[in-house]
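Q: Could you walk me through a few local features of this model before I go back to the bench?
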Amino acid sequence: MASANRLNPEQHQAAYCFDAPVCILAGAGTGKTKTITERIAALIQEEHVAPASILALTFTNKAAAEMRERVEHILGYQPRGLEIGTFHARVARWCRQFPEAIGRSSYFTIIDETDRNRLLKDLVKKRQVPAGLAFADIKHDIHMWQCAGLHPDDLVSHPILANQTFARTIYTDFIHALDRSNTTDFGHLLLLGQRLLATPQAALFKARIQHVVVDEYQDTSPAQTAILNQFFSHAKTIAIVGDDDQAIYGWRGAAPDTMKRFLQQHPSARLVKLETNYRSSSQILDAANDVIQVNTNRLGKSLLSNHGDGPSLQFFVADDDVHEARLLADRIHTLINQGTSSDDIAILYRKNAMSRPLETALRRARVGYQIIGGIRFFDKAIIKNILATLRLLLNPHSAIDLSRFLKAFPHGIGQKTLGQIVPTIDGDLISGFRALTSDSHPDLSPRMLKKVITFGHRLEELRRPLIEQTASLAELIQELLTRLGLLSQLELDVDRQTEREDVQDFLQLIHQYEYDCERQNTSPTLISFLEEAALLSSTDTATDATHISLMTIHAAKGLEFEHVFVIGCEEHQFPTSQAIEDAEGGDTSTLEEERRLMYVAMTRAKRHLTLSRAKRRQHHGTFRHHMPSRFLRDILVYAERQPSQTFGSSRHSLIRRRTGDRPMGRRGQSIHSPIEIEDDVDTSMFVSGDRVTHTTFGAGEVVGLRGLGSRRAALVRFDSTPTRSRTVVLAHLEPEKSSNASSVHEPQIDMSFDFGA
DNA sequence: GATGGTGCTCTTTTT
DNA sequence: GAGCACCATC
């Protein structure tokens with residue numbers, strides 16, 4: 001039992017609890033992955049359980065891969081049939097086994113968020129939208145129903161608000177459209193899984209699963225819980241792992257009390273708390289606890305550091321977002337020069353848009369970085385077009401993919417004709433390009449009809465080699481892209497360098513996929529490749545040791561770094577405006593989630609945690625001023641209650657850019673020398689309202705800023721043509737001499753958070 | 001039907 | 001700062 005020796009007593013108790021369901025409350029950095037991998041290995045090795053009877057569900061593919069690897073490492077061999085994966089990936093696999101049980105045929109496809117929204121929008125357009133109802137609200141309602149595991153049929157008996165009836169209609173249309181086009185989206189996939197597990201076809205397979213392990217249980221939605229319950233009812237052992245303080249997916253339907261409810265549903269369950277933190281210094285944990293302790297209704301646990309003291313936390317205050325990015329880039333540049341490895345450094349932010357100034361600053365400082373999440377490779381337009389083409393050829397019923405295909409590769413058939421041949425609502429069983437070859441289109445002119453039919457036959461021709469798999473996948477796809485003319489088009493166009501590279505990367509990826517399949521003794525089919533592409537999460541990218549990592553806090557969940565920088569610690573950014581407004585209206589749940597998010601961010605750090613804020617930040621082209629985040633205050637107020645600690649060794653030292661007028665006054669405090677900023681030519685030079693002069697158009701006023709390809713531009717209303725604004729390149733603009741416009745935007749209130757001065 | 005310019009609106013977070 | 005709808009033009 002060598003493996004068990006590596007566990008501490010609590011971890012051991014959690015891993016080896018086989019006689020009752022166990023709820024493992026695992027704080028950040030307490031070795032929960034280790035505990036569950038040991039558990040899985042122990043089931044196989046010591047309890048002699050068949051690997052195929054174990055189902056382990058994780059939140060990301062990356063977590064699943066890591067878990068599988070670690071289990072294999074402990075066992076020393078690859079267990080056969082072990083079901084490890086994300087909810088979505090497992091469910092998709094099961095559905096693929098019994099497609100007809102859920103009203104699908106083989107080769108059903110999974111559409112992504114963008115395509116789903118496009119479909120929803122189309123459906124909304126076909127109906128009479130009630131006045132005052134925004135698309136966002138409809139989308140939100142449907143999303144929430146899907147998370148709750150509710151099918152449109154369930155809504156008949158389910159209480160809904162009066163203003164939700166239209167959304168319900170659209171939801172019904174939406175499900176019909178998915179059924180008809182043999183597709184599904186992320187949300188519906190889980191409902192299909194739920195339905196599948198209730199069918200006789202799945203009974204055998206369902207009974208096979210006898211041991212269930214669920215990671216990140218605090219973030220499971222009711223739709224996911226419903227699937228779990230199908231196994232919980234007969235499973236011999238159950239282990240759920242999670243941390244209610246790290247529940248950050250409420251907007252995806254996860255209730256913050258999910259863990260608590262598991263305990264209520266399983267009265268015999270044992271609660272095991274893992275509270276020894278092996279990751280962070282006590283300074284970091286203390287500060288993180290200061291933030292999280294404000295929340296009410298926690299299951300309650302207190303993390304104790306096993307690492308002891310570390311350096312103090314650091315704070316930066318920057319003038320604006322660009323300045324903040326530069327300060328960080330400088331600091332990181334220095335760290336790396338001093339020998340810190342790049343993969344020990346991460347910058348975390350609340351939302352993706354915050355990465356832009358960072359990217360500029362890091363490039364300038366010659367610091368290699370990679371963005372985890374953000375725009376995925378598979379989200380790039382050119383790749384999406386190729387994927388849509390492949391999906392369409394595989395699944396001729398997919399109207400969504402047909403529409404995208406025709407936009408990407410014009411065949412003289414536009415959206416109008418498409419609308420006439422592809423019925424998206426009501427009745428018709430034919431859709432997608434199968435609709436093309438059917439000859440009953442009374443609305444079309446004979447000329448158009450001929451065009452459409454020819455086109456349909458062409459697609460059938462393109463389709464055949466893919467279905468019959470006459471050559472390797474990579475060859476087939478290369479051939480297809482050649483026949484569509486895409487490759488020659490890209491060759492000819494100088495401006496499409498990036499796209500050319502992306503397509504090459506894509507083909508390379510297919511090669512890689514075929515190679516991987518070969519190694520794992522599975523056959524590389526197009527459908528399995530597409531599925532992997534669809535379900536690959538944005539955070540699954542492999543990390544690279546020569547680059548620092550940039551990501552949202554959500555994407556950082558489960559990761560750890562020696563140095564963590566959390567930027568944008570400002571009211572209305574973090575916490576978000578929405579959370580602040582909700583709280584003012586009496587609903588503190590979103591604010592509590594923001595607080596947990598800060599807790600997650602802070603506990604990613606092992607030894608060095610730096611928090612920064614900018615006094616003003618560019619929003620949609622204009623600057624907005626922000627007060628320091630209340631979370632900063634929660635940390636610092638607490639620090640002040642500890643007067644015995646001198647600053648140099650205290651938990652909270654301070655680095656602040658000297659503004660020249662007021663160096664901070666505390667004894668022993670370190671103040672960095674002033675940091676020079678050179679002026680940059682970018683949009684932050686101008687803000688809306690600035691008076692400018694253009695080399696040809698003369699004087700005018702900036703009304704907006706925008707990007708124009710790789711160049712930056714401003715939207716200017718010129719005095720000579722006051723009725724319309726013009727987009728002009730920044731290089732042609734100069735601030736009008738007398739202008740004082742930007743100083744008008746100075747803050748009315750700036751607490752200039754003096755951190756205990 | 002395709003294309004290109006223009007001016008709105010807007011996202012937190014993602015499987 | 002991007003995506004989108006809308007319009008004018010070819």
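A: What follows is a short talk through the core, some backbone features and a surface patch. The model is predicted, so to speak of local features pLDDT of at least 70 is needed, side-chain atom pairs count only at pLDDT 80 or more, and totals for chains, interfaces and linings use all residues. Residues are numbered from 1 along each chain as its sequence is written, chains are lettered from A and ligands numbered from 1 in the order in which they are written, and side-chain values use heavy atoms, with hydrogens and water left out.

Q: Which residues touch the most other members in the largest nonpolar core?
A: Those are L390, V503 and F506, out of 40 residues in that core; a nonpolar core is a set of buried (under 20% relative accessible area, 1.4 Å probe, protein chains only) Ala, Val, Leu, Ile, Met, Phe, Trp, Tyr and Cys residues joined through side-chain atoms within 4.5 Å.

Q: And which element gives the largest share of this core?
A: Helix α15 does, with eight residues, where a helix is a DSSP run of H or I with at least four residues and a strand a run of E with at least two, numbered from the N terminus.

Q: Switching topic, where is P575?
A: P575 sits in the loop between β15 (561-566) and α25 (577-584), and the peptide bond leading to P575 from F574 is cis, with omega near 5 degrees.

Q: What about H572, what is its phi?
A: Phi of H572 is near 75 degrees, a positive value in a residue other than glycine, and H572 belongs to the loop between β15 and α25.

Q: Is E216 buried or exposed?
A: E216 is buried, at a relative accessible area of 9%, and its phi is near 50 degrees, which is positive in a residue other than glycine.

Note on methods. Buried < 20%, exposed > 50% of the residue type's maximum accessible area, 1.4 Å probe, protein only.
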